[in-house]
Amino acid sequence: MALQSLDIARRSATTTAAPGVRQTTAVAKLIDVSTCIGCKACQAACMEWNDIRDEVGVNHGVYDNPMDLTAKSWTVMRYAEVEEKGKLEWLIRKDGCMHCADPGCLKACPAPGAIIQYANGIVDFHQENCIGCGYCITGCPFNIPRISQEDNKAYKCSLCSDRVAVGQAPACAKVCPTGAIQFGSKEQMKDYAAKRVVDLKSRGYGKAGLYDPAGVGGTHVMYVLHHADRPELYKGLPADPSISPLVSLWKGFAKPLASVAMAAVALGSLFHYVMKGPNEVSKELEDELEKEDAK
Amino acid sequence: MTNHWVDLKNSDLVIVMGGNAAEAHPCGFKWVIEAKKDRKARLIVVDPRFTRSAAVADFYAPIRAGTDIAFLGGVINYLLAKDKIHHEYVKNYTNAAFLIDEGFKFDDGLFSGYNAEKRSYGKDTWKYQMGKDGFAMVDPTLQDPNCVFQLMKKHYSRYTPELVSKTTGTPQDAFLKICEMMAETSAPDKTMTICYALGWTEHSVGSQNIRTMALIQLLLGNMGMAGGGINALRGHANVQGITDMCLYSEVLPGYLSAPTDADVDRKTYLEKRTPKALRPNQMNFPQNFPKWFTSLQKAWYGNAATDKNDYGYDWLPKKDAAYDVLAIFERMHQGKMNGFFCQGFNPLASVANKKKVGDALAKLKFLVVIDPLATDTSEFWKPHGEFNEVDPSKVQTEVFRLPANLFAEETASFTNSGRVIQWHWKAADGPGESKGDIEILAALFLKLKAMYAKDGGKLPEPIMNLTWPYRIPAKPSPAELLMEISGKALGDVFDPKDKTKVIVKAGDQVAGFAQLRDDGSTSCGNWIYSGCWSQAGNLTARRDNSDPSGLGQTLNWGFSWPANRRIIYNRASCDLAGKPWDPKRTVIKWTGTAWGGNDVPDMRPDAAPDENVMPFIMTPEGVARLFAPAMADGPFPEHYEPFETPLDKNPFHPGNPKAASNPAARVFKGDMETFGKAKDFPYVATTYRLVEHFHFWTKHSRINAVLQPDQFVEISEQLAQEKGIATGDKVKVRSNRGFIKAVAVVTKRIKTLDVDGKKVHTVGIPIHWGFKGVTKPGFITNTLTPFVGDANCQTPEYKAFLVNIEKV
Amino acid sequence: MIRNPKDLARYDAHERANHWLVGICFILLALSGLAFFHPAFYPLTQLFGGGVWARILHPYIGVIMAVSFIVMFFRFRALNVMTPADKEWLSRVGEMMNGDDHNMPEQGKYNGGQKAMFWAMALCMLLLFVSGLFLWRAYFNLPVDLVRLGAVVHAAIAAIMIAMIFVHVYAALWVRGTVRAMVYGTVTRAWAKQHHRAWYRQVTGKS
């Protein structure tokens, strides 16, 4: 939904600039994995606030449920049992849209206004403009958007843009019982993360750090990780995510190039005709045939 | 909790053992995280499984289910052997110095006075040596071989790290590491807190599990301190409230022990329950028992209760036998009960040995289920495939379902684990024809009363004389009830020091239990709640979270029993001179003229330190009991194996089969045969909750069902390999009482333990499934559990029993 | 209906219908595909009833085009086998473009350029079809890297094909008297003799 109170920074499939004179504070959600107990309150809150109810599934031999993001599960907890040198860790990560500063979904989206990046950093899907092509999935470096089987629209975490627009924290941050999900300005969140990293280092996590990957221009959902040097331990969080070069080629360079090339061929033909004239059957031949006929 | 939820943040070391706070108390666990974040606290988790709490712990150690006393006894031995105790505290604030009867013995697992026939102890030797002055004798040097300290030292000297590790399966280095971390909090300005729950209570040694930790906390000087204490995390939003109101047969509201057949009249009853001080100058607060009890009688019988009729003492039921939940179902199973009211209770799912419970219910004439949900119990008679195999033609019970409101559909009070009573407001009206529980009970009562009035009957007085002063008799309001519980003056109440001065006018609410009287001039439904609704109004509805101390002592938020005190035993947070052990965390202190500070002092406000009034005012000794004769199964906790143990003997008493399992635990006739043996059921099973669900309620809720839809059990990779089970496979788990089928979750988080030279595997069994609800239908976990309980309070042993497992 | 009985039949009715089926599909696909490719073309989705309809229809039209192209491919494959003469023709295509076809070698039914176009089209069609399936989320859910590759290939090939079709159409327009071959099937003898003399000789038996 379009939110008057949030300024738009970028709009999918739109080549002109968005209104940009107002100054807005960039927001961020910080997920401190080191204080997350994997209680799934965030999942429940997401369902409640957004009025989505996924199907009652089955157990697949793990704690994860639903097993993956769906059009009706915009966030899921992912549980990884990691045992190294006799020390077991249960790394639990809340997965969902990272709200990239350079969003691959928005870059790939062909439908004008179906994906909006607000000036505060939230990347939101506007389903009324979505055509259901799935290009956002192709574009996303984190494998987040899902197409609904019911309405063929793409869905993902909106960072509760409707709540943020009226000065509220996202539902998941609001309910998180341990405060593992924090919400505020991106600056504040980085400061908070820095303190957490100091604490974690004092507890023997020498490689603790903030996950705010530069490859996508930074994200508006960040993680504090005990093992920031190995994000992939957390059920495949990409170590160095960026928009795939293929997607960049497809929706970047190729777009103007191909358009120009096609136009060039069309114009080239036109000018060829104008300059060289039509290729008509020669008069001699026609006469020749007439003569034959006359015989 | 002796302390409260917010106070967890003041701790330096948090122990989660016998519970899984992150899983079962995620909101309260916030304060553990705060302690870690802001106080650099460390968190230790000891559990058979690497739990969600362990996921955020600094140190985790595995333990075999049912061996906590062995572990903690080992800690006591470590503290005493390494002299890592808070000496001043132990000497002055506990009964360490008290001399015990010379006849007291502990021999090969049994304390003196054991009667094998009755499976109980005679306590003749479990007592103090009494001096000629009528007080207990003490040896302040703690050197007398019969003083508690020396007896305790001797008792726990057997708990060597080797034997602890051999019994618990906890690696010795992990055990010692934990000892070391705990020992650091013996410093006066360091505190440790313990968060436990049903992982300690639901054992045949449940009460003693908790007592062992209490001993540790006393040795370390952590009781009464901010960030210390013994903290039971209660499992329901209001289970603390139900405990306080004592809806059990053993006790009356406010933990007043209930009259039995032996208490022939009020005088006999009161004499037995009103102790004399065991040391000079002590407050001996239970001496006020007659005031609390009389006020309770007045709250029940009003004007009908007079000194002429012992305030209606004869109308009270007198206990002739045990009426705990196991005893009730035992009696029902024997066909000795006609009807059963089941209010907010789903016993088919939550009582041990589902088959026995189902068979018992089938012998009733009627069953009334008062519940917001269509519970499994209400359909115990109905076949639900293999989940509930029953032949309805064999069930004679008539079942009535009375739809009740849910807590969020009522305005009333909750009491949380931290003893804070909080008023809450209705969020929505109940659906359809549902009614509040109060309204349902009022309707039943008025109908009964009308029937007695019309037809008469045997002993009508308890019903006919019950006071019922509510504005709408058919619908007493929760506010009226809370006012009644808090108490009021029926006549003018005078100052005991100045008999002419009226301190409470007739008709006014009392300000607290100090104003209660034993002459019938006050009424109070529960003395410990007294003052929660004073003349100042409903104090439980207060929502002022200002916290001047920064310790989370929000004295104007709700009302904390007793007397709005947030940390009980808080006098023990100061030294003998009244100075806080840790001035940075001052709970109270002696100001020179009175006790004051950041809490309501647990002490007579003007008791100067040199009066030597000791902090534990609820004991006649004035001090805490390291040696506790009140326990049914021994004054010192001792390790006994669960009734179903993977070992053939108790490693502490290998030669004495009588001391294999708790010798004082009650076993009903026929139930000994239902216990399985390790040769048939080689694996240790333990049951527990998951954070996604609340008991057997939320299986009726779509969101919870989405988050954890399907029944599962957890096993180690080693066991899975041995049994050819892959994660996600369907398995059958059998005990000697029945079986369940579930999906196998094969995990690194459960380890095979090395116990007494053998490999012991653990099977973890979450409890939440049943045949009613929107989750995938499942088996009732308590199909598997044994019908035996703790020796003191009969809480069933859900946490340690034996099973076998196979792939289906 | 042949007005001039001396005209030569170049395409029968089935061939023409087949060609135009492919052609119409291609035009629709190009219009809808361009709309997804560049925002500037997005208004073209209105021709299909909006973005969602364009997204729904595009792949089905693609399947129709693929099937009809396969039929067409087998119809014309044998006629499009390259000969040395074709290669020579191709080497002199610059002269041809420049309006001087005097030195062009004699051509059969199709000249080297047309044959080259035929094979290029066939290859592009194959790539377009396969990569299009990768992108068709209603029925396929492939690994994202494959989808990304598919997207690039689909877009690039589509652009190339559109350019080739421009050339194809322009060639038909430029060489006067050609369009009628695909519209009602006949060409004049003079046209045939001028542009495809070998074919002319073959169908008329004259020199």
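Student: How many residues does the contact between chain A and chain C take from each chain?

Tutor: A contact means that the C-beta atoms of two residues, placed from the backbone, lie within 7 Å. Here, 39 residues of chain A and 35 residues of chain C take part. Keep in mind that this is a predicted model, where local features need pLDDT of at least 70, side-chain atom pairs count only at pLDDT 80 or more, and totals for chains, interfaces and linings use all residues. Residues are numbered from 1 along each chain as its sequence is written, while chains are lettered from A and ligands numbered from 1 in the order in which they are written.

Student: Which elements of chain A give two or more residues to the side that touches chain C?

Tutor: Elements are DSSP runs numbered from the N terminus: helices (H or I, at least four residues) and strands (E, at least two). On this side of chain A, they are helix 3 (135–139), helix 7 (245–276) and helix 8 (283–294). Helix 7 of chain A provides the largest share, 15 residues.

Student: What kinds of residues make up that side of chain A?

Tutor: Sort them like this: Ala, Val, Leu, Ile, Met, Phe, Trp, Tyr, Cys and Pro are nonpolar, Asp, Glu, Lys and Arg are charged, and the others, Gly among them, are polar. The side of chain A that touches chain C then has 23 nonpolar, 12 polar and 4 charged residues.

Student: And how many residues of chain B are in contact with chain A?

Tutor: Chain B brings 36 residues, in contact with 32 residues of chain A. At least two residues each come from helix 2 (26–39), helix 3 (52–55), helix 20 (702–707) and strand 29 of chain B. Helix 2 of chain B gives the most, with 6 residues. By type, this side of chain B splits into 21 nonpolar, 5 polar and 10 charged residues.

Student: Is strand 27 of chain B buried or exposed?

Tutor: Count the other C-beta atoms (placed from the backbone) within 10 Å of a residue's own: 20 or more means buried, 12 or fewer exposed, and in between partly exposed. Strand 27 of chain B (residues 712–716) is mostly covered, with 5 of its 5 residues buried.

Student: Which way do its residues point?

Tutor: In a regular strand, side chains alternate between the two faces of the sheet. In strand 27 of chain B, B:Phe712, B:Glu714 and B:Ser716 point one way and B:Val713 and B:Ile715 the other way. Strands pair if DSSP finds at least two bridges between them. Strand 27 of chain B pairs in the parallel sense with strand 29 (residues 738–747) of chain B, over 5 bridges. One bridge joins B:Glu714 to B:Val745.

Student: Which residues are buried in helix 6 of chain B?

Tutor: In helix 6 (residues 148–156), they are B:Val148, B:Phe149, B:Leu151, B:Met152, B:His155 and B:Tyr156. They sit on the same side of helix 6 of chain B because they cover an arc of only 165 degrees around the axis (the arc of the directions from the helix axis to the C-beta atoms). These buried residues pack against helix 4 (68–81) and strand 4 (106–107) of chain B.

Student: What are the domains of chain A?

Tutor: Domain bounds come from an automatic or database domain assignment. For chain A, it gives domain 1 (8–242) and domain 2 (248–294), with C-alpha centres 53 Å apart.

Student: How many helices and strands are in chain C?

Tutor: Chain C has 9 helices and 2 strands. Buried residues make up 31% of its 207 residues.
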